[in-house]
Structures are given as structure tokens and as C-alpha cells.
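Welcome! Here is a short guided tour for anyone meeting this structure for the first time.

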Amino acid sequence: MFDAEPGDWQRMLDALRSVPWPAVFTWALSEPAADGAMLTARELWGRLEGDPEDSVSLAVQVRGIWFTCYFFDADEIEFSFDPADVVDMESFAPVCDFVRWLGDSTRREVIVTMEGNDHSAMPWLLHYSGVPDRSKEPNLD
């Protein structure tokens, strides 16, 4: 998701509290929050800006497929998954579920591309609009 704003991050983090999927935050240089409490987007990005050596990842597992965010850039909500985990329509379903959840929770457009540095220039493989009053089904064309 491009041009992400703090509210987009917060809506995504808030939505994690109500999904049945395991979600794991891992800090590189420090201990996780006590009792697994989730930080707000402002606290999370503030902590990362306060210690440039620290990093965090968020991994969400949807029916066997892990989607991981490394919080590289506050302007882009980016999750990665291993395409080798998707071998048929049954294993593709969790990808659709995750993309739909991310779009609906942020109320933003979600684009799946191949791995690379300039996602905005890449053709999308899967597109979903979480913008209200738009189609709720992924475009698989």
C-alpha cells in the first residue's frame, strides 16, 4: 500500500486484535512489550525513529502462509510472503483473505507485486480496493 498515513497503520494494527490469525511482533534489539501488548502506530514508529539500529517485524499467519512486514518505510505498508507456498487455488485462498483483510481494515487499495525495490513501477499480480463503495472481490485478471 503506497502513500500510507499514520491512520492507515493504526487501522491495520487495530484490526489485528480481532482476527483469528496468529500475529507476532519481533524486535531486533529489545524486548517485546510486556504481556504481548501491541503498540500504537505512533509508538511503534517513534520507537524505530528513536533507535535507528533497532528494527521490528510483524508476521501474520493465515492458514499456513506467513505474511511479514518489516516496517522499512512509514509511507508504505508492505508485507511479503513466500510464493512457493501458493501451489493451487486452495493455497491461494489465504492470500486473497489476507489482501481483502488488509484493504478492508485500512480502507485502502492493496496491490500484490513480485519482489523488488520499486513496487510502484511493477505490474500488479493481484489488486483489491478496500475503499468503501467499491468491489469487495480481488481482481484476478
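A strand here is a DSSP run of at least two residues, with numbering from the N terminus, and a residue is called buried when its relative accessible area is under 20% and exposed when it is over 50%. With that in hand, look at strand 5: V110 and V112 make up its covered face, whereas E109 and I111 make up the uncovered one. In a regular strand, side chains alternate between the two faces of the sheet. Please keep in mind that this is a predicted model.

**Overall layout**

- The protein contains three helices and six strands.
- Read from the N terminus, its elements follow the order α-β-α-β-β-β-α-β-β.
- Of the 141 residues in the protein, 38% are buried.
- Among contacts in the protein with a separation of 6 or more, 55% join residues that are 24 or more positions apart.

**The four-stranded sheet and its helices**

- Four strands form an open sheet in the order 1-2-3-4, and their pairing is antiparallel.
- Strand 1 (23–27) and strand 4 are the edge strands, each of them pairing on one side only.
- Within this sheet, strand 2 (residues 56–62) and strand 3 (residues 65–69) are antiparallel partners joined over five bridges. L58 has C69 of strand 3 standing opposite.
- Helix 2 (residues 41–50) packs on the sheet, where it touches strand 1 and strand 2. The direction of helix 2 makes about 25 degrees with that of strand 1.
- Helix 3 packs on the sheet as well, touching strand 2, strand 3 and strand 4. Its direction makes about 35 degrees with that of strand 3.

**The strand 5 and strand 6 pair**

- Strand 5 pairs with strand 6 (residues 126–129) in the antiparallel sense, over four bridges.
- Which residue stands opposite I111 in strand 6? The partner is H127.

**Two buried residues to look up**

- L44 is part of helix 2. Is L44 buried or exposed? L44 counts as buried because its relative accessibility is 2%, and buried means under 20%.
- Leaving out residues up to four places away in sequence, L44 touches F25, W27, L39, V56 and F71.
- L44 and S55 are 11 residues apart along the chain, and their C-alpha atoms are separated by 10.0 Å.
- S57 belongs to strand 2, and S57 is buried because its relative accessible area is 16%.
- Not counting neighbours within four places in sequence, S57 is in contact with V24, F25, T26, T68, C69, Y70 and F71.

**Two loop residues with positive phi**

- R63 is not a glycine, yet R63 has a positive phi of about 45 degrees. R63 sits in the loop between strand 2 and strand 3.
- With a relative accessibility of 52%, R63 counts as exposed.
- F71 is not a glycine either, and its phi is positive at about 55 degrees. The loop between strand 3 and strand 4 is where F71 is found.
- F71 counts as buried, at 7% relative accessibility. F71 is also one of the residues touched by L44 and by S57.

**A link between distant parts of the chain**

- R11 lies in helix 1 (residues 6–16), and at 25% relative accessibility R11 counts as partly exposed.
- R11 and T106 are 95 residues apart along the chain, and the separation of their C-alpha atoms is 5.4 Å.
- Residues up to four places away in sequence aside, R11 touches S105, T106 and R107.

**The largest pocket**

- Rolling a probe the size of a water molecule over the atoms shows where empty space is left.
- The largest pocket has a volume of about 650 Å³.
- Its lining is made of 28 residues, and F79, F81, I111, V112 and T113 lie nearest the centre of the pocket.
- Which elements each supply at least two residues of this lining? They are strand 4 (79–80), helix 3 (89–106) and strand 5 (109–112).
- Helix 3 gives the largest share of the lining, with five residues.
- By residue type, the lining of the largest pocket divides into 19 nonpolar, three polar and six charged residues.

Notes
Residues are numbered from 1 along each chain as its sequence is written. This is a predicted model: local features need pLDDT of at least 70, side-chain atom pairs count only at pLDDT 80 or more; totals for chains, interfaces and linings use all residues. Side-chain values use heavy atoms; hydrogens and water are left out. On a 1 Å grid over the protein atoms alone, a cavity is a set of points where a 1.4 Å probe fits but cannot get out, and a pocket is an open set with protein on both sides within 12 Å along at least five of seven lines; lining residues have an atom within 4 Å of a point. Grid points are joined across faces, edges and corners, and a volume is the space filled by probe spheres set on the points. Ala, Val, Leu, Ile, Met, Phe, Trp, Tyr, Cys and Pro count as nonpolar, Asp, Glu, Lys and Arg as charged, and the others, Gly among them, as polar. Two strands pair if DSSP finds at least two bridges between them. Contact means heavy atoms within 4.5 Å. Axes are lines fitted to C-alpha atoms, for helices over the stretch in contact, and angles run from 0 to 180 degrees between N-to-C directions. Buried means under 20% relative accessible area, exposed over 50%, partly exposed in between (1.4 Å probe, protein chains only).
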